[in-house]
Every structure is written in C-alpha cells, then in structure tokens.
Amino acid sequence: MSWDWLHPDVVLGSVLYALLGVALLWVSFAVIDKITPYKLWEEIVEHKNVALGIVVAGMFIAIGQIVAAAIHG
C-alpha cells in the first residue's frame with residue numbers, strides 16, 4: 001500500500017473540498033428556506049413535521065450528489 005494519499009496537499013485539498021461541499025449544502029438550504037412560505041427548520045424541529053424532514057433529507061442527498069459530481073468534474 002502506498003502512502004501517496006497522505007501528502008499534505010492531497011489532505012488539504014480533500015478537507016477544502018469537504019468544507020466547500022458542506023458550505024454549499026447549507027447555502028442551498030438557506031436559499032430554499034427563504035423561497036418557501038414557511039420556515040423549514042422551525043417546522044422540522046419545533047413542530048416535528050416528519051414528512052418535511054424526509055423531503056429536506058432527500059433535498060440534501062440530491063444537492064450533495066450534485067456538489068460531488070461538480071467537484072469530481
């Protein structure tokens with residue numbers, strides 16, 4: 001097994017892409033939250049809306065796949 005993947009530039013690039021992906025995921029959640037007529041986070045956490053939680057989870061998975069495909073490019 002080679003240790004090529006452990007070079008600092010490879011590790012730093014991976015960390016930066018991970019942080020970029022998480023930031024894009026949360027920005028997209030904030031944008032979608034703004035364009036919906038109600039507050040997504042409040043509905044999920046305070047009102048225990050399970051159906052909306054499942055929809056938001058699906059949205060996170062879809063956006064995560066799009067970000068991963070764009071980064072992998």
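**Exercise 1. Place L19 and decide: is L19 buried or exposed?**

Solution. Start with the element: L19 lies in helix α1, where helices are DSSP runs of H or I with at least four residues, numbered from the N terminus. Next, take the accessibility. L19 counts as exposed because its relative accessibility is 55%; the cut-offs are under 20% relative accessible area for buried, over 50% for exposed and partly exposed in between, with a 1.4 Å probe and protein chains only. Finally, look along the chain: A70 is 51 residues from L19, and their C-alpha atoms are separated by 14 Å.

A word on the model before going on: it is predicted, so local features need pLDDT of at least 70 and side-chain atom pairs count only at pLDDT 80 or more, while totals for chains, interfaces and linings use all residues. Residues are numbered from 1 along each chain as its sequence is written, and side-chain values use heavy atoms, with hydrogens and water left out.

**Exercise 2. Compare the reach of α1 and of α3 with the expected span.**

Solution. The expected span is 1.5 Å times one less than the number of residues. Helix α1 has 28 residues, and its first and last C-alpha atoms are 41 Å apart, close to the expected 40 Å. Helix α3 has 23 residues and should span 33 Å, which agrees with the 33 Å between its end C-alpha atoms.

**Exercise 3. Work out the surroundings of D33.**

Solution. First, D33 lies in α1, which covers residues 8-35. D33 is buried yet has no salt bridge, a term that asks for a side-chain nitrogen of Lys or Arg within 4 Å of a carboxyl oxygen of Asp or Glu. The nearest side chain of opposite charge, K39, is 5.1 Å away; Lys and Arg count as positive, Asp and Glu as negative, and His and the chain ends are not counted. Then check the backbone: a polar atom of the D33 side chain lies 2.8 Å from the backbone nitrogen of L40. Not counting residues up to four places away in sequence, D33 touches Y38, K39 and L40, where contact means heavy atoms within 4.5 Å.

**Exercise 4. Which residues make up the largest nonpolar core?**

Solution. A nonpolar core is a set of buried Ala, Val, Leu, Ile, Met, Phe, Trp, Tyr and Cys residues joined through side-chain atoms within 4.5 Å. The largest one has eight residues: L25, F29, L40, L52, V56, M59, I63 and V67. Two or more residues come from each of α1 and α3, and α3 gives the largest share, five residues. Now add the packing: the buried residues of α3 pack against α1 and α2.

**Exercise 5. Where is K48 found, and what is its phi?**

Solution. K48 is found in the loop between α2 and α3. Its phi is positive, about 55°, although K48 is not a glycine. Most residues other than glycine have a negative phi. K48 is exposed, with a relative accessible area of 62%.

Definitions and conventions. Polar contact = N/O pair within 3.5 Å; in protein donor to acceptor, adjacent residues only side chain to side chain.
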